[in-house]
Amino acid sequence: MKRVLLGVGAVALLVGAACAQEAAKPQDTEQWAPKPPVVTPGATDAAAPSDAVVLFDGKDLSEWVSTRDKGPAGWKVEGGLLTVNKLSGNIETKRSFRNYQLHLEWRVPAGTTGSGQARGNSGVFLASTGGGDNGYEIQILDSFENETYVNGQAASIYKQAPPLANAMRRPGEWQTYDVIWTAPVFDAAGKVTSPARVTAIHNGVVVQNNFVLTGETRYIGKPQYKSHGASPIKLQAHGDPSPAISFRNIWVRELP
């Protein structure tokens with residue numbers, strides 16, 4: 001066995017380190033302030049917590065406007081549900097948001113037929129940056145046994161990132177999206193200093209894991225960024241021929 005002889009200095013360092021370790025206390029690494037705010041959770045995981053902004057609770061569209069002219073949102077509210085009116089176009093929130101947690105539930109009508117993008121098509125734009133379909137879209141589509149391009153199926157970041165899994169329930173059943181949105185940051189010259197990021201859960205399954213977006217959604221061409229600040233959340237009235245989809249239980253929690 002080879003012996004390693006330590007000098008006096010090395011021995012002193014080892015002894016000092018051992019003594020320092022013995023002198024350390026658990027309290028040295030305890031943090032007591034600032035205390036996190038108290039948030040009362042909803043009665044169920046889908047219910048809005050105490051600090052949420054309720055965007056739709058089945059009663060009215062007081063939190064929404066028409067994207068086209070910022071007038072009253074022209075979608076139908078009946079039986080606690082919000083149903084797309086394809087003729088009136090997209091709707092968006094009156095309020096603008098930056099970083100947030102979003103919960104929404106949506107349903108494609110039972111018996112919906114068609115194929116590809118012409119079957120239960122809609123979308124939620126996590127930041128609406130202008131009229132029409134400007135912004136960053138998570139796709140809404142009937143992707144239950146329905147083939148289409150993978151970065152256009154349900155829970156995709158449209159034309160950027162396919163979902164990590166197809167967690168779609170059958171038409172007629174309710175789907176749930178829970179989304180964490182981190183807005184992009186721009187410098188004074190309009191250059192991106194921190195890109196947008198999305199984590200999304202579809203029916204309890206992680207489908208986007210801190211995905212970094214390369215820009216806003218584009219139907220044709222590559223995604224690109226343009227400078228913007230806090231933005232509304234937008235729901236799409238897609239012009240596909242299938243029956244209109246419905247929404248319920250939409251709420252958002254602003255994050256730092």
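Q: Why does Glu216 count as buried in this predicted model?
A: Buried means under 20% relative accessible area. Glu216 has 5% relative accessibility, so Glu216 counts as buried.

Q: Where is the place of Glu216?
A: Glu216 is in the loop between β13 (205-212) and β14 (234-235).

Q: What makes the approach of the Glu216 side chain to Gly135 a polar contact?
A: The cut-off is a pair of N or O atoms within 3.5 Å. The Glu216 side chain reaches the backbone nitrogen of Gly135 at 3.3 Å.

Q: Which residues is Glu216 in contact with, leaving aside neighbours within four places in sequence?
A: Among them are Thr129, Asn134, Gly135, Tyr136 and Gln160. Pro223, Gln224, Tyr225, Lys226 and His228 are also in contact with Glu216.

Q: What lines the largest pocket?
A: The lining has 13 residues. Asp133, Glu137, Tyr158, Tyr219 and Gln236 lie nearest the centre of the pocket. The lining divides into four nonpolar, six polar and three charged residues. The pocket has a volume of about 220 Å³.

Q: Which residues touch the most other members of the largest nonpolar core?
A: They are Leu102, Tyr177, Trp181, Leu235 and Phe247, out of 46 residues in this core. The largest share, four residues, comes from β6.

Q: How do you know that Phe247 is buried?
A: A nonpolar core is a set of buried residues, and Phe247 belongs to the largest one, so Phe247 is buried. Not counting residues up to four places away in sequence, Phe247 touches residues including Phe56, Trp75, Leu104 and Leu235.

Terms used: Residues are numbered from 1 along each chain as its sequence is written. This is a predicted model: local features need pLDDT of at least 70, side-chain atom pairs count only at pLDDT 80 or more; totals for chains, interfaces and linings use all residues. Side-chain values use heavy atoms; hydrogens and water are left out. Helices (H or I, at least four residues) and strands (E, at least two) are DSSP runs, numbered from the N terminus. Buried means under 20% relative accessible area, exposed over 50%, partly exposed in between (1.4 Å probe, protein chains only). A polar contact is a pair of N or O atoms within 3.5 Å; within protein, one must be able to donate a hydrogen and the other to accept it, and residues adjacent in sequence count only if both atoms are side-chain atoms. Contact means heavy atoms within 4.5 Å. On a 1 Å grid over the protein atoms alone, a cavity is a set of points where a 1.4 Å probe fits but cannot get out, and a pocket is an open set with protein on both sides within 12 Å along at least five of seven lines; lining residues have an atom within 4 Å of a point. Grid points are joined across faces, edges and corners, and a volume is the space filled by probe spheres set on the points. Ala, Val, Leu, Ile, Met, Phe, Trp, Tyr, Cys and Pro count as nonpolar, Asp, Glu, Lys and Arg as charged, and the others, Gly among them, as polar. A nonpolar core is a set of buried Ala, Val, Leu, Ile, Met, Phe, Trp, Tyr and Cys residues joined through side-chain atoms within 4.5 Å.
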